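Student: I would like to take a close look at one part of this protein model. Could you please guide me through a strand, its partners and the side-chain contacts that can be found around them?

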Amino acid sequence: MRSYLIKNGHLFLALKLDSGIYEFSPRSVQTSDKTSTSLFGRKWRLTEIRGTAINTDKPYLEFDRDTRRFSGDGGCNRVSGSFAIAGPHMKFSQSVSTRRACLDPEVQRVEDELLKEMADVTDFQIQGDVLRLLARDRLLLTFRTDPSGSKGTTAEASVTGTVIYRQRIALTNDAVVEVKLVDVSRADAPAVTIAEQSIKTPGRQVPIDFKVTYDQQRIDRRRSYAIQVRILEGDQLRFINTQAYLVLTHGHSNKVDVLVTAVQ
């Protein structure tokens, strides 16, 4: 660089030998009262941690304007606490959560990271239906909400079917069937969980019916989705599907029968 100039709110950087000029405009950050108002009365669902998509849609936060308290779900446990905002700045405090253990280690990891990052939040931005929480200029957490801006208006649909296996093995009373609707569009990345159902099976045997309810706004008709099933007994994985069961898009149905096989 040879020199700089600030004019009309823009930054100009001149290169050496008069080889060019870079022009920068200010990053747009909404700080008005209207921005603060749009924080309230909406369910903000966590979609990314430090810019990386998470594999569950369970964690969310809601903010109460009058009490200046937040509440929500970390994925396994309810979370709550207080918050303060001043312009674009935000601070969480007195955060508490229940202490129920997660069956899914990935969901537990997401919950732990959510609570850890919330403690470092200093600023927030709202752009349309996206809420970003930052530590100064460093992006920590990204949330999305229903574009209509109100709770309870999400269009829901479901994938239904049955889980079966051919082995002559009876399920124990503590068996749990986990059914997930996942985005499998990217072969080089882990599947992203769109919705899931956990079914306890005391006294029940296959076939076992399932119904996974999902938010239709999270479905992109250009992408591919599948149903994944696991059967656990305690912490032990007993059955899993070994072939892909595609649903919803590219001509696939919202009903599917999933065959799982025993894990050796």
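Tutor: The following account begins with one strand and its partners and then turns to rings, a second sheet and charged pairs.

This is a predicted model, in which local features need pLDDT of at least 70 and side-chain atom pairs count only at pLDDT 80 or more, while totals for chains, interfaces and linings use all residues. Residues are numbered from 1 along each chain as its sequence is written, and side-chain values use heavy atoms, with hydrogens and water left out.

Let us start with strand β4, residues 44–49. Strands here are DSSP runs of E with at least two residues, numbered from the N terminus, and two of them pair if DSSP finds at least two bridges between them. In general, strands of a sheet pair through backbone hydrogen bonds, either parallel or antiparallel. With strand β12 (residues 138–144), β4 pairs in the antiparallel sense over four bridges. Strand β6 (residues 60–64) also runs antiparallel to β4, and two bridges join them. Strand β5 (residues 52–53) is likewise antiparallel to β4, again with two bridges.

Individual residues show how these pairings are arranged. Isoleucine 49 has leucine 141 as its bridge partner in β12, and isoleucine 49 also stands opposite threonine 52 in β5. Arginine 45 stands opposite tyrosine 60 in β6. Between β4 and β5 lie two residues, and the two strands form a hairpin. In its turn, arginine 50 has a positive phi of about 50°.

Tyrosine 60 has a further contact. The charged end of lysine 43 sits over its ring, 4.5 Å from the ring centre. For such a contact, NZ of Lys or CZ of Arg must be within 6 Å of the ring centre and within 35 degrees of the ring normal.

Rings may also pair with one another. Rings of Phe, Tyr and Trp (its six-membered ring) pair if their centres lie within 6.5 Å; planes under 30 degrees apart count as stacked, over 60 as edge-to-face and the rest as tilted. The whole structure contains five aromatic pairs. The centres of the phenylalanine 70 and phenylalanine 92 rings are 5.2 Å apart and their planes stand at 90°, so this pair is edge-to-face. The pair links distant parts of the chain, with phenylalanine 70 in strand β7 (residues 69–73) and phenylalanine 92 in strand β9 (residues 89–97), 22 residues apart. Both phenylalanine 70 and phenylalanine 92 are buried, where buried means under 20% relative accessible area, exposed over 50% and partly exposed in between (1.4 Å probe, protein chains only). Ring pairs also link Phe40, Phe63, Phe70, Phe83 and Phe92 into a cluster.

Tyrosine 165 and phenylalanine 239 form a stacked aromatic pair, with 4.1 Å from centre to centre and 10° between the planes. Tyrosine 165 lies in the loop between β13 (156–164) and β14 (175–183), and phenylalanine 239 lies in strand β18 (residues 236–240), 74 residues apart. Tyrosine 165 counts as buried because its relative accessibility is 9%. Phenylalanine 239 is buried too, with a relative accessible area of 0%.

Strand β13 belongs to an open sheet of three strands with the order β16-β13-β20 and mixed pairing. β16 (208–215) and β20 (255–259) stand at the edges, each with a single partner strand, so one side of each is left without a neighbour in the sheet. β13 pairs with β20 in the parallel sense over five bridges, and valine 163 stands opposite valine 258 in β20.

Charged side chains complete the picture. A salt bridge is a side-chain nitrogen of Lys or Arg within 4 Å of a carboxyl oxygen of Asp or Glu, and by this rule the count comes to 13. One of them joins arginine 218 to aspartate 57, with the closest N and O atoms 3.6 Å apart. Arginine 218 is in the loop between β16 and β17 (225–233), and aspartate 57 is in the loop between β5 and β6, 161 residues apart. Arginine 218 counts as partly exposed because its relative accessibility is 28%, whereas aspartate 57, at 14%, counts as buried. In another salt bridge, arginine 238 and glutamate 233 have their closest N and O atoms 2.3 Å apart, and both residues are buried. Finally, arginine 50, already met in the hairpin turn, takes part in a network in which salt bridges that share partners join Arg50, Glu106, Arg109, Glu113 and Glu117.
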